[in-house]
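Colleague: Could you take me through some backbone and helix-packing details of the model shown below?

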Amino acid sequence: WKAEAKNLLSQGIDILRKKLGENAAPGDELISAEVSLAEIMNVDGEFPQAIERLTGHGDYSVLKALDVEDESKRPEEGVKGRRFASATYRHLLRAYVGTSQIDQALQAMNRLEKIGGDNLLAAYTQLGMELQEELQRLSNSGQNDRLAAVRTSFEQFLQKVYESRNKTDYNSLLWIGETYYGLGQGVKGDANAAAGYFGKAGDAYGEILSGGLASPENRNAVTLRLARCRRQQKSFDEALKLVEGILAQNAMMMDAQFEAAAILGDWGENTEPERLNQAIQGVRDANGKPTAVLGWGSLAKRLQQLTTKDPAPELRKLFFDARFELGNTRRRIARVSKKPEEGTAQLKSAMAEISSMTQVFRDIDDVTFARFDKLYQDIQADLGQAATPLSRVVVTKPVDEGKTPPGEKPAEETKAPAQV
């Protein structure tokens with residue numbers, strides 16, 4: 001699809017450029033097409049061509065067209081909007097890093113900071129995610145030479161940024177942390193390399209926190225990132241304490257609750273099996289009273305209550321994620337348990353919970369259902385059973401706004417196997 005998209009975009013851009021002429025500012029359609037083409041070129045490693053798409057044509061370039069006199073008055077949407085301009089400079093930064101043009105990359109980063117405003121954290125997070133996806137894609141496709149080149153170019157750039165940083169510059173340290181974290185996520189198959197990247201990311205986040213560089217509204221977000229690094233480094237005790245500090249301030253910060261349960265799950269599967277039960281049931285203090293760490297079971301219940309009142313897509317996603325991790329954690333308990341009967345009981349509980357949930361939530365989307373179906377069949381395999389697809393209730397609706405047409409039977413509920 002990329003080759004076809006590049007071809008169509010190139011043809012369209014050529015036509016628009018010819019109509020426009022050489023000495024005329026590009027319109028919105030042309031700007032959008034050039035940025036889209038540059039993004040695809042970055043994915044394909046065609047970094048010089050991506051740079052040309054964004055900077056070519058001098059005073060009539062894409063970048064010039066995005067300029068505004070006062071960044072504080074830049075609109076949020078549209079071609080000149082903050083979102084689009086931020087994405088454009090992310091692509092330019094990526095291309096400069098790919099060509100090892102460090103000075104130009106630093107200039108692009110500074111420009112991104114000016115555009116980013118209050119959304120700079122989100123912009124850097126997105127860039128880190130894009131890097132992670134790129135590395136995973138190269139690894140999965142066996143493009144080891146390109147994978148090594150991408151890692152090397154980012155390492156060189158990050159080292160340059162770190163060496164030249166202002167030690168009181170929140171933005172530079174945030175960029176370093178997000179990018180190292182993206183590198184770590186992208187090379188998880190190489191445990192030693194990943195641990196090194198997560199360590200450097202954690203160091204950057206730690207420097208932000210110890211230096212008091214994060215604003216009050218961003219401090220918890222940076223602390224949570226540090227906790228994720230420490231979990232990846234298997235420093236579980238430190239990671240949990242960091243998240244507990246966040247939850248002491250806001251027990252319903254869902255990102256922190258999910259991270260706390262993830263820490264306990266990884267901790268339990270690595271060194272302390274009893275932590276897996278805490279991942280489900282939550283943590284209790286020395287007196288047996290529940291702490292702010294809820295665990296997957298209570299999280300799923302709370303989120304189900306919230307989605308009943310407000311069925312927003314983001315809340316439903318969190319609910320289904322919590323229910324999935326509840327079943328997955330039972331499976332992890334079975335893997336580490338030294339008592340076969342305990343492991344079997346956990347697996348059977350997980351199967352029953354998954355089956356009942358999919359019967360109750362009949363409007364679950366296909367992708368989410370397929371995810372649960374795979375877990376269900378994996379558990380069957382763990383129990384030595386033949387894999388049987390998870391049953392799904394399908395409600396067929398009659399036409400004409402719910403009215404049954406003459407001669408037809410009312411809608412019936414049928415069970416169908418999962419389509420994976």
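Colleague: Is histidine 57 buried, partly exposed or exposed?
Modeller: In this predicted model, histidine 57 lies in the loop that runs between helix 3 (47-55) and helix 4 (62-66). Its relative accessibility is 38%, and since the partly exposed class lies between the limits of 20% and 50%, histidine 57 counts as partly exposed.

Colleague: What is the phi value of histidine 57?
Modeller: Histidine 57 is a residue other than glycine, and its phi is nonetheless positive. The value is near 75°.

Colleague: Where is serine 100 placed, and what is its phi?
Modeller: Serine 100 sits in the loop between helix 5 (82-98) and helix 6 (102-116), and with a relative accessible area of 39% it is partly exposed. Serine 100, a residue other than glycine, has a positive phi, near 60°.

Colleague: How are helix 14 and helix 15 oriented, roughly parallel or roughly antiparallel?
Modeller: The axes of helix 14 (residues 274-281) and helix 15 (residues 295-309) come within 2 Å and cross at roughly 10°. Because angles under 35 degrees fall in the parallel class, the orientation of helix 14 to helix 15 is roughly parallel.

Colleague: Which residues make the contact of helix 14 with helix 15, and how many of them are charged?
Modeller: From helix 14, Gln278, Ala279 and Ile280 meet Gly295, Trp296, Gly297 and Ser298 of helix 15. Sorted by class, this contact has 3 nonpolar and 4 polar residues, while the number of charged residues is none.

Methods. Residues numbered from 1 in each chain as written. Predicted model: local features only at pLDDT ≥ 70, side-chain atom pairs only at ≥ 80, totals over all residues. Heavy atoms only, no water. Helix = DSSP H or I, 4+ residues; strand = E, 2+ residues; numbered from the N terminus. Buried < 20%, exposed > 50% of the residue type's maximum accessible area, 1.4 Å probe, protein only. Axes fitted to C-alpha atoms, helices over the stretch in contact; angles between N-to-C directions. Parallel < 35°, antiparallel > 145°, perpendicular 65-115°, else oblique. Contact = heavy atoms within 4.5 Å. Nonpolar A, V, L, I, M, F, W, Y, C, P; charged D, E, K, R; others polar.
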